[in-house]
Amino acid sequence: MPKPTVVPLQPLQPFKPAQPPASESAQRGGMRLKHVVESQQFTVPLLMELFERSRGMEHVVARGGTLDYQNRIMTALFYEPSTRTRLSFEAAMHRLGGRVLSTENAGAFSSEIDGEQVEDSIRIIGSYSDVIVIRHPEDHGARRAAEVSPVPVINAGDGNGGQHPTQALLDLYTIYRQRPLNGLSVAIIGELDKGRTARSLAYLLAKFERVKMFFVSPPQLQMKQDILDYLDQHGVRYELESDIDRVIGEVDVVYQTRIRPERMRDTSGLGRYAIDSKVVQRMKADALILHPLPRTVELDKSVDADPRAMYFRQAMNGLYVRMALLTMLLDKEQSAGNASWLETR
Ligand code: CP
């Protein structure tokens with residue numbers, strides 16, 4: 001038997017972002033990432049730095065990973081089920097050479113079953129690890145964690161109508177890899193009032209010039225006023241729609257999300273918000289179809305072979321973006337300084 005060849009992992013070169021113009025530098029100076037809690041905290045320069053790093057991570061993964069973060073530990077503290085977010089964060093930390101502590105049902109398998117408050121859990125876990133990724137069932141659950149955590153906290157989805165900022169980051173990265181972000185028209189479809197991915201993406205898209213969003217939903221599940229107020233304040237164009245047919249042919253991106261049947265008084269109307277191979281025939285030839293997944297009936301498998309379908313690539317991009325995000329939080333020069341994570345747009 002020939003001896004297997006062992007290819008040693010290459011050390012990751014220290015990341016050196018291009019020198020930003022002075023104005024951007026000032027913006028970024030106030031925007032060092034301490035925690036990732038909500039989409040509003042990202043500026044365009046910060047997003048571009050994240051995306052530049054994410055592209056680098058595509059190469060790092062292609063060569064098997066790096067050992068550069070081998071002394072770092074990430075805790076994945078999940079109170080709700082997850083396939084993509086938890087496993088891609090864990091894969092990201094492993095690809096960076098780091099180690100992972102994980103609980104996938106923290107409500108049942110942590111001391112919170114005995115009444116321990118999340119604040120106490122976070123203080124304890126923060127003394128065991130260098131970064132905490134949390135999915136929490138309550139609105140502002142991640143913010144509560146960040147307020148007491150001695151280490152960076154990443155919101156992996158919180159509340160029933162809260163936010164899921166890292167999903168929105170990978171959504172935006174997927175679009176960015178295909179086309180310029182300025183001037184986009186985007187249809188965001190589904191149960192928008194409670195859709196934390198849709199809510200986080202709307203905040204991110206609002207950062208770019210000449211973007212127009214169409215929120216397509218049954219009227220009772222439309223995007224909530226807090227997002228609409230934010231868009232109004234920032235002069236971002238949007239329309240509320242209840243009919244896919246009126247927008248499907250004119251948008252650059254279709255962002256499809258689930259509608260839970262129990263949220264509809266009459267589920268016979270659900271089909272009006274679904275996408276199948278017939279619906280996509282009416283889309284622009286170069287439009288993109290995104291979905292955060294998991295999917296049910298709203299995105300038919302007949303769309304999967306369409307070259308415009310981006311959702312599996314989107315899930316893969318989640319690995320690169322989450323690797324990049326972890327490095328931005330773990331690199332000493334980024335996480336030092338205890339800078340605010342509040343909105344600065
Ligand atoms: N998109 C998303 O958040 O998927 P999971 O629930 O599987 O993490």
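**Two parallel sheets and a ligand shell drawn from two domains**

In the predicted model, strand β1 and strand β2 (residues 99-103) run parallel and are joined by five bridges. Within this pairing, Met74 of β1 has Val100 as its bridge partner in β2. Strand β1 spans residues 73-78 and is mostly covered, five of its six residues being buried. The connection between the two strands involves helix α3 (residues 84-95): β1, α3 and β2 together make a right-handed β-α-β unit.

Strand β1 also pairs with strand β3 (residues 131-136), again through five bridges and with the two strands running parallel. Here Phe78 is matched with Arg135, its bridge partner in β3. These pairings belong to an open sheet of four strands, ordered β2-β1-β3-β4, in which the pairing is parallel. The edges of this sheet are formed by β2 and β4 (153-158), each of which pairs on one side only. Neighbouring strands are turned by 15° against each other on average, direction ignored. In general, the strands of a sheet pair through backbone hydrogen bonds, in either a parallel or an antiparallel sense.

A further open sheet comprises five strands in the order β7-β6-β5-β8-β9, with parallel pairing. Its edge strands are β7 (237-241) and β9 (288-290), each pairing on one side only. From one strand to the next, the twist averages 15°. Within this sheet, strand β5 (residues 185-189) and strand β6 (residues 212-216) pair in the parallel sense over five bridges. In this pair, Ile189 stands opposite Val216 of β6.

The ligand is surrounded by Ser82, Thr83, Arg84, Thr85, Gly157, His164, Gln167, Pro292, Leu293 and Pro294. By residue class, this shell divides into six polar, three nonpolar and one charged residue. Both domain 1 (23-161 + 317-338) and domain 2 (179-309) contribute to the shell, with at least three residues drawn from each.

Two members of the ligand shell, Leu293 and Pro294, also show distinctive backbone geometry. Most residues other than glycine have a negative phi, and most peptide bonds are trans. The peptide bond from Leu293 to Pro294, by contrast, is cis, with omega near 5°. Leu293 in addition has a positive phi of about 65°, although it is not a glycine. Leu293 is found in the loop between β9 and α10, and Pro294 lies in the loop between β9 and α10 (311-330). With 18 other C-beta atoms within 10 Å, Leu293 is partly exposed, because a residue counts as buried if 20 or more such atoms lie within that distance and as exposed if 12 or fewer do.

A positive phi also occurs at His140, a residue other than glycine, where the value is near 65°. His140 is placed in the loop between β3 and α5 (141-148). The environment of His140 contains 17 C-beta neighbours inside 10 Å, and His140 therefore counts as partly exposed.

Methods:
Residues numbered from 1 in each chain as written. Predicted model: local features only at pLDDT ≥ 70, side-chain atom pairs only at ≥ 80, totals over all residues. Pairing = 2+ DSSP bridges. Right-handed = clockwise from strand over helix to strand, strands pointing away. Near = placed C-beta within 6 Å. Nonpolar A, V, L, I, M, F, W, Y, C, P; charged D, E, K, R; others polar. Domains from an automatic or database assignment. Axes fitted to C-alpha atoms, helices over the stretch in contact; angles between N-to-C directions.
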